[in-house]
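Here is a short note for a colleague who is new to this structure. Please read the points in order, with the model open beside them.

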Amino acid sequence: MSIRRRTHARRPVTALALLVLLTLGGCGLVSGSEMTDNVLPGPHAGYPGRPLTGAQLTVTSKEFTEQIVLGQIMGLVFKAAGAHVIDKTSIQGSIGAREAVKSGTADAAYEYTGTGWITYLGHTKPVIDPQEQWRVVRDEDRKNGIVWLPPSKLNNTYALALNPANQKKLGVHTLSDVAALSHKNPGAVTLCVENEFATRNDGLPGMARAYGMQIPSSNIRKMTGGVVYTETKKGTCALGEVFTTDGRIKAMNLKVLADDKHFFPNYNAAPEINAASLKKYPAMAEVLAPVTRALNNTVAQDLNRKVDVEGQDPHEVAKNWLLQEGFIKTG
């Protein structure tokens, strides 16, 4: 089963959109199904016994590949710890999953710190240090009845990438190198990007301003996300917009350029927990901690690749990784 990759909804929420969402939330955003896997804590689970025995927990996620896999990981970890788990993953859009956790329709999800800071809390300037970005989101979101547990190293943010031949030809390794090239040889800097990236302040316009890039509009080709990767691999465009945890980066041997001025926000994945649920079942934090620490961009690229490139089922991909890492074992 192949799941289409979707970008994060990073723009502020309008009052109308929120009203519509809450109306839908009253009817149930996703029906949900019980996780029936026969799993137990593995040798690297990091906690004794089954501390969530008797707990009734609902996990959710947005609808793109990485989010679905992270939601399955969370659900399986809770299941191994003894909880009865309802799977409400793959809710359309960031707002739906967020409101499910906020309202208590769901108990927990993996969310991105940059999304919390910019989309949900309404800030416009990201925090450069990833740990500080998490801390300010955690502190400010408490008033909304949401607890952010410590983040992973998985940072699903924007980047520019190119194929090895173009990297050798152009000699670029950082976004500052691209800016210098855009002044020296403007025709050499051609971009394949998604429509949204082409207009977002945390996308192409903001990046060009921050680095002083001079890119003629005729050098920018807009297309859907999947096509960006294939066209960048072929070299149709010298550079393409990518997400840093996308499995197609490794599968297509693309080279990611360093964001040396730290323009793009940090989008580190962290557990976002309904505060009342965590108070009732504090062991949720304990059982998630070692799994979250193990998540990074390399892991995410591999898991995403198995779904997006190889067509594997997200639930099985999540389960196999947890088994392999010793976080769970079959009962």
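1. Leaving aside its neighbours within four places in sequence, which residues is Met 284 in contact with? The model is predicted, so keep that in mind throughout. Met 284 touches Leu 52, Leu 57 and Phe 78. Asp 107 and Ala 108 are also in contact with Met 284. Ile 273, Ser 277 and Leu 278 complete the list for Met 284.

2. Now place Met 284 in its surroundings. The largest nonpolar core has 56 residues. Met 284 is one of those with the most contacts inside this core. The others named with it are Leu 52, Ile 73, Phe 78, Leu 288, Trp 321 and Leu 322. Helix α2 gives the most to this core, with eight residues. Another core lies apart from it and has 34 residues. Among the residues of that other core are Leu 181, Tyr 211, Val 242 and Phe 243.

3. Next, the empty space. The count comes to one cavity of 30 Å³ or more. The largest cavity holds about 50 Å³ of space. Which residues line the largest cavity? Its lining is made of Glu 66, Val 69, Leu 70, Ile 73, Leu 154, Leu 295, Val 299, Ala 300, Leu 303 and Asn 304. Helices α2 (65–80) and α14 (297–308) each supply at least two of these lining residues. By class, eight lining residues are nonpolar, one is polar and one is charged. Ile 73 appears in this lining, and Ile 73 is also among the residues with the most contacts inside the largest nonpolar core.

4. Stay with helix α14 for one more residue. Gln 301 is found in this helix. Is Gln 301 buried or exposed? Gln 301 counts as buried, because its relative accessibility is 16% and the cut-off for buried is under 20%. Leaving aside neighbours within four places in sequence, Gln 301 is in contact with Thr 244, Thr 245 and Asp 246. Gly 247, Ile 249 and Lys 250 are also in contact with Gln 301.

5. Now the charged pairs. Side chains of opposite charge can pair when their charged atoms come close. The whole structure has 16 salt bridges. One of them joins Lys 234 and Glu 231, at 2.9 Å from N to O. These two residues are three apart in helix α10 (residues 225–234), so about one helical turn separates them. The ends of this pair differ in exposure. Lys 234 is exposed, at 60% relative accessible area. Glu 231 counts as buried, at 12%.

6. Salt bridges that share partners also build one network, which joins Glu 132, Arg 135, Arg 138, Asp 139 and Arg 142. Look at Asp 139 and Arg 135 within it. Their closest N and O atoms are 2.8 Å apart in a salt bridge. Asp 139 and Arg 135 sit four residues apart in helix α5 (residues 130–141), so they are separated by about one helical turn. Asp 139 is partly exposed at 28% relative accessibility. Arg 135 is partly exposed too, with a relative accessible area of 32%.

7. One last pair to check. Lys 143 forms a salt bridge with Glu 140, with the closest N and O atoms 3.7 Å apart. Lys 143 is exposed, with a relative accessible area of 60%. Glu 140 counts as partly exposed, at 26% relative accessibility.

Notes: Residues numbered from 1 in each chain as written. Predicted model: local features only at pLDDT ≥ 70, side-chain atom pairs only at ≥ 80, totals over all residues. Heavy atoms only, no water. Salt bridge = Lys/Arg side-chain N within 4 Å of Asp/Glu carboxyl O. Buried < 20%, exposed > 50% of the residue type's maximum accessible area, 1.4 Å probe, protein only. 1 Å grid on protein atoms, 1.4 Å probe; cavity = no way out; pocket = protein on both sides within 12 Å on 5 of 7 lines; lining within 4 Å. Points joined across faces, edges and corners; volume = space filled by probe spheres on them. Nonpolar A, V, L, I, M, F, W, Y, C, P; charged D, E, K, R; others polar. Contact = heavy atoms within 4.5 Å. Core = buried A, V, L, I, M, F, W, Y, C linked by side-chain atoms within 4.5 Å.
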